[in-house]
Amino acid sequence: MKRIVGVYTGSADIMKTNWRTVEEMKDKIGLNLVILGMGPAGDVWGPSPEVAQKAPFKVRPAGKEDHLNDFIREAHRREVKVWICISCYAEMDSGPNHPDLAFRDLEGKIVEPVLRQGAGWAWSWCPSNRKLRSYNEELLKDLTRKYEIDGFTMTHQRYSPIGHSLFNFFGCGCSECERAASELGYDFGKMRAGMTKVLNLMKAVNTKKLTKLRDLDLGFMDLLYCLGADSSLVDWLNFRCDLIASGMQRYHDAVKSVREDATMGTDSFFPTFSMIGGHRYSTLEKCSDFLSPLLSHVYIFTIFNFMELAERMIGWNRGLRDEDILPVLFRAFGYDGLGLPNSLNAFHEHEKLPSSDFSDTKLPLGEIIRREAFKSVASIEHSKPMYGIFSGHSLMDAAGVGYRATAMREAGMDGIILQVGPLPGPEANLRAISKVLENWT
Ligand SMILES: [Zn+2]
């Protein structure tokens with residue numbers, strides 16, 4: 001497998017005036033992939049007008065002369081591949097305007113993005129909606145036909161994280177998902193009843209019980225067993241992963257139906273929380289050409305999860321304290337021993353918590369990322385390459401960046417994809433990455 005060294009960037013317009021930066025990154029870190037982000041509503045490039053018209057929400061079609069192919073040819077001359085990142089989320093204001101597409105909880109209510117941890121995110125679409133899925137297929141075919149693109153990576157091709165709202169785990173409960181469950185061989189009615197029971201159990205936990213559980217050092221399955229969850233919980237976890245994988249398979253097939261040599265893959269949750277977010281790595285490996293764990297989003301995918309779970313349960317159970325609930329959660333998800341604080345206040349070192357990786361913190365973010373990198377590789381057969389996504393932006397120091405790059409290498413990954421903000425990212429960080437790459441065989 002060829003080692004990938006990639007970077008996410010914004011619009012092609014920026015890149016067109018910035019070839020010197022690309023050359024610089026090529027010299028310094030061996031950059032060989034640029035990933036252009038495309039928002040759900042389109043970009044300077046986008047679908048043909050006839051495909052844009054099929055979108056179940058407003059999409060701006062590409063103009064006749066968007067010059068993306070010129071950009072791609074220029075990149076190819078420099079031996080840099082170009083992928084497009086396709087987003088499957090509903091932008092910040094789209095949710096309420098499209099109730100027919102919205103993500104709903106088990107009672108059928110639209111789940112709103114929350115700002116509890118200081119980092120709100122977009123409204124979520126229903127992950128099984130047929131109109132959305134067939135539009136995404138058409139979009140991918142159209143882009144593969146029109147552009148000399150090397151591949152695609154999907155993002156938000158998953159359930160939204162529980163760190164934004166716990167109810168992202170107790171959904172989607174809409175009629176489209178009920179239908180999809182039946183097609184995939186699951187009994188949605190049984191799962192709805194079982195998951196409502198789980199929710200009620202969480203609402204009724206008391207301090208006495210939780211103290212007992214904390215002192216027993218229970219793992220995830222022990223904890224669920226003691227709380228009294230029934231078999232529908234396992235069905236629910238599997239159903240959500242199967243549902244997301246069925247979408248990924250369709251999108252993969254759509255690209256391949258146009259051009260077999262175009263690459264198609266996705267980013268993914270941290271493996272520890274992937275089962276509760278609809279990503280089963282072993283299944284994703286089967287329906288993608290690569291995997292890329294989104295290890296830059298350590299707050300959104302791990303820290304906020306603990307905070308949201310603890311805050312919800314404290315809200316429901318009067319008298320529950322941070323130090324009762326947080327150790328139980330850390331132990332259940334294998335995060336004990338990392339030195340995370342047993343106090344919610346301690347997570348708030350900054351007025352506004354970041355959504356992405358952030359070096360100015362006492363929290364052991366590097367250790368978390370390293371552990372999750374190793375877990376990611378251990379979760380697959382490794383028949384497909386895996387590229388770890390991590391941050392090298394200006395808030396990160398060179399030591400932190402070098403540590404993360406080393407973790408990806410030592411975990412056995414096949415490359416890295418950087419998020420640096422404005423290109424090329426801080427000089428010292430690139431040097432630190434370059435040093436790690438020198439010893440990456
Ligand atoms: Zn749904």
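**Exercise 1. How many helices and strands does the chain have?**

Solution. This is a predicted model, in which local features need pLDDT of at least 70, side-chain atom pairs count only at pLDDT 80 or more, and totals for chains, interfaces and linings use all residues. Residues are numbered from 1 along each chain as its sequence is written. The chain has 18 helices and 8 strands. Both are DSSP runs numbered from the N terminus: helices are H or I with at least four residues, strands are E with at least two.

**Exercise 2. State how compact the chain is.**

Solution. Start with the radius of gyration, taken over C-alpha atoms, and the globule rule, 2.2 Å times the number of residues to the power 0.38. The radius of gyration is 22 Å, close to the 22 Å that the rule gives for 441 residues, so the chain is as compact as a globular protein of that length. Next, the box filled by the C-alpha atoms is roughly 65 × 45 × 40 Å along the principal axes.

**Exercise 3. Compare how α8 and α14 cross with how α5 and α10 cross.**

Solution. Axes are lines fitted to C-alpha atoms, for helices over the stretch in contact, and angles run from 0 to 180 degrees between N-to-C directions. Angles under 35 degrees count as roughly parallel, over 145 as roughly antiparallel, 65 to 115 as roughly perpendicular and the rest as oblique.

Step 1. The axes of α8 (residues 207–216) and α14 (residues 322–332) come within 9 Å and cross at roughly 40 degrees. The two helices are therefore oblique to each other. On the α8 side, the contact (C-beta atoms, placed from the backbone, within 7 Å) includes L210 and L213; on the α14 side, it includes I325 and V328. The contact residues divide into 5 nonpolar, 2 polar and 2 charged. Here Ala, Val, Leu, Ile, Met, Phe, Trp, Tyr, Cys and Pro count as nonpolar, Asp, Glu, Lys and Arg as charged, and the others, Gly among them, as polar.

Step 2. For α5 (residues 130–146) and α10 (residues 232–258), the axes come within 8 Å and cross at roughly 30 degrees. That makes α5 roughly parallel to α10. Among the residues in contact are R133 and E137 of α5 and R250 and Y251 of α10. This contact divides into 5 nonpolar, 4 polar and 5 charged residues.

**Exercise 4. Is V420 buried or exposed, and which residues does V420 contact?**

Solution. V420 sits in the loop between β8 (415–419) and α18 (427–438). A residue is buried if 20 or more other C-beta atoms, placed from the backbone, lie within 10 Å of its own, exposed if 12 or fewer, and partly exposed in between. V420 has 21 such neighbours, so V420 counts as buried. Leaving aside neighbours within four places in sequence, V420 is in contact with V7, G392, H393 and G425. The loop between β8 and α18 also holds P424, and the peptide bond from L423 to P424 is cis, with omega near 0 degrees.

**Exercise 5. Describe the loop between β4 and α6 through L166, C172 and H156.**

Solution. L166 lies between β4 (151–155) and α6 (175–183). L166 is buried, with 20 other C-beta atoms within 10 Å. Not counting residues up to four places away in sequence, L166 touches E308, L309 and R312. C172 is in this loop too, and the peptide bond from G171 to C172 is cis. H156, also in this loop, has phi near 60 degrees, a positive value in a residue other than glycine. With 20 C-beta neighbours inside 10 Å, H156 counts as buried.

Key
Two residues are in contact if their C-beta atoms, placed from the backbone, lie within 7 Å.
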